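These are my notebook entries from a session spent looking up side-chain pairs, a pocket and a few single residues. I keep them short and in the order in which I worked.

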Amino acid sequence: MSEWLAKYEVQFYAFLEAQGYADAAHDLAHIHRVVKIAKQLGAEENAVLDVVVPAACLHDCVSLPKNHPDRHLASTLAADKAIEFLTSMDYPSKYYEEIHHAIRAHSFSANVTPKSIEAKVVQDADRLDALGAIGIARCLQVSGALNRALYSLDDPFCGTREPDDEHYSIDHFYNKLFRIAQSLNTPSAQLEGIRREKRMRAFLDHLALEI
């Protein structure tokens, strides 16, 4: 990554620290992890890091709780706010359109198809942070905040019923998380997604032995 971009990145994080976040699973630590993954994927997929890094850094600069009625608008609001901020700091304007698109497209709820390799990388990086050991921890963080039970006493692992992640944390694995790996865009992310999903399934195997 170029030295000039690294200097901008410091300013991105300073901006984010003043914004706050919707929940503990979407804090600055989440941003740092997404940026780390995005840089790795971007290098492997020959993406333009001048687009990938600011988009990954600022993708949650507007973040709404999972149960907020306007959740589907959060990524568009974040994209708009990111461009306002980048304009104020004189970030090169030739990247604005691609950055805006990458931020809009990262979200599940926005249902925007990523059209560029940079947008695909940012979306993949954000989704990978929902998998693996960190994905388990984040799922339980959010579920605890929403006062959801860990699992159903009658059928903990959705063997004979439809997943109900409005009420049970573990159901979110079956309703959403185990679908992520197959939805990833880039070959590099797909390989990592498979590895992370295996860790989550191993966790459920161990949980089954303990309950």
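Entry 1, salt bridges in helix 10. I began with Arg 196 and Glu 192, which are four residues apart in helix 10 and therefore separated by about one helical turn. The model is a predicted one, and in it I find that the side chains of these two residues meet in a salt bridge, at 2.9 Å from N to O. Arg 196 has a relative accessibility of 14% and so counts as buried, and for Glu 192 I noted a relative accessible area of 18%, which is buried as well, the cut-off for that class being under 20%.

I then asked myself which other side chain meets Glu 192 in a salt bridge. It is that of Arg 195, with 2.8 Å from N to O. Arg 195 and Glu 192 both belong to helix 10, which covers residues 187-210, and they lie three residues apart, again about one turn of the helix. Arg 195 is partly exposed, its relative accessible area being 43%, whereas Glu 192 is buried.

Further along in my list came Arg 201 and Glu 197, whose side chains form a salt bridge at 2.9 Å, N to O. They are four residues apart in helix 10, so that about one helical turn separates them. I recorded Arg 201 as partly exposed at 38% relative accessibility, and Glu 197 as buried at 15%.

For the structure as a whole I have seven salt bridges on record. Besides the pairs in helix 10, I wrote down a network of salt bridges that links Arg 33, Asp 129 and Arg 138. As a reminder to myself, side chains of opposite charge can pair when their charged atoms come close.

Entry 2, the second largest pocket. I looked up its volume, which is about 200 Å³. Of the 13 residues that line this pocket, those closest to its centre are Ile 37, Gln 40, Leu 128, Glu 192 and Arg 196, and I recognised the last two as the salt-bridged pair with which I had started.

Which helix gives the largest share of the lining of the second largest pocket? Helix 2 does, with six residues. Helix 2, spanning 28-44, and helix 10 each supply at least two residues of this lining. Sorted by class, I get four nonpolar, two polar and seven charged residues around the second largest pocket.

Entry 3, aromatic pairs. My search of the whole structure gave nine aromatic pairs. In one of them, Tyr 8 and Phe 12, the ring centres are 6.5 Å apart and the planes are at 20°, so I entered the pair as stacked. Both residues lie in helix 1, residues 3-17, four residues apart, which is about one turn of the helix. I noted Tyr 8 as buried with a relative accessible area of 16%, and Phe 12 as buried with 0%.

Tyr 8 also pairs with Tyr 91, here in an edge-to-face arrangement with 4.8 Å centre to centre and 75° between the planes. Because Tyr 8 is in helix 1 and Tyr 91 is in the loop between helix 4, 74-88, and helix 5, this pair ties together parts that are 83 residues apart in sequence. Tyr 91 is buried, at a relative accessible area of 2%. I closed the entry with the cluster to which these rings belong, a single aromatic cluster formed by Tyr 8, Phe 12, Phe 15, Phe 85, Tyr 91 and Tyr 95.

Entry 4, Ser 107. Is Ser 107 buried or exposed? With a relative accessible area of 11%, Ser 107 is buried, since that class takes in values under 20%. I located Ser 107 in the loop between helix 5, 96-105, and helix 6, 117-128. Once I set aside the neighbours within four places in sequence, I find Ser 107 in contact with Ser 75 and Arg 127.

Definitions and conventions: Residues numbered from 1 in each chain as written. Predicted model: local features only at pLDDT ≥ 70, side-chain atom pairs only at ≥ 80, totals over all residues. Heavy atoms only, no water. Buried < 20%, exposed > 50% of the residue type's maximum accessible area, 1.4 Å probe, protein only. Contact = heavy atoms within 4.5 Å. Salt bridge = Lys/Arg side-chain N within 4 Å of Asp/Glu carboxyl O. 1 Å grid on protein atoms, 1.4 Å probe; cavity = no way out; pocket = protein on both sides within 12 Å on 5 of 7 lines; lining within 4 Å. Points joined across faces, edges and corners; volume = space filled by probe spheres on them. Nonpolar A, V, L, I, M, F, W, Y, C, P; charged D, E, K, R; others polar. Phe/Tyr/Trp six-rings, centres within 6.5 Å; stacked < 30°, edge-to-face > 60°.
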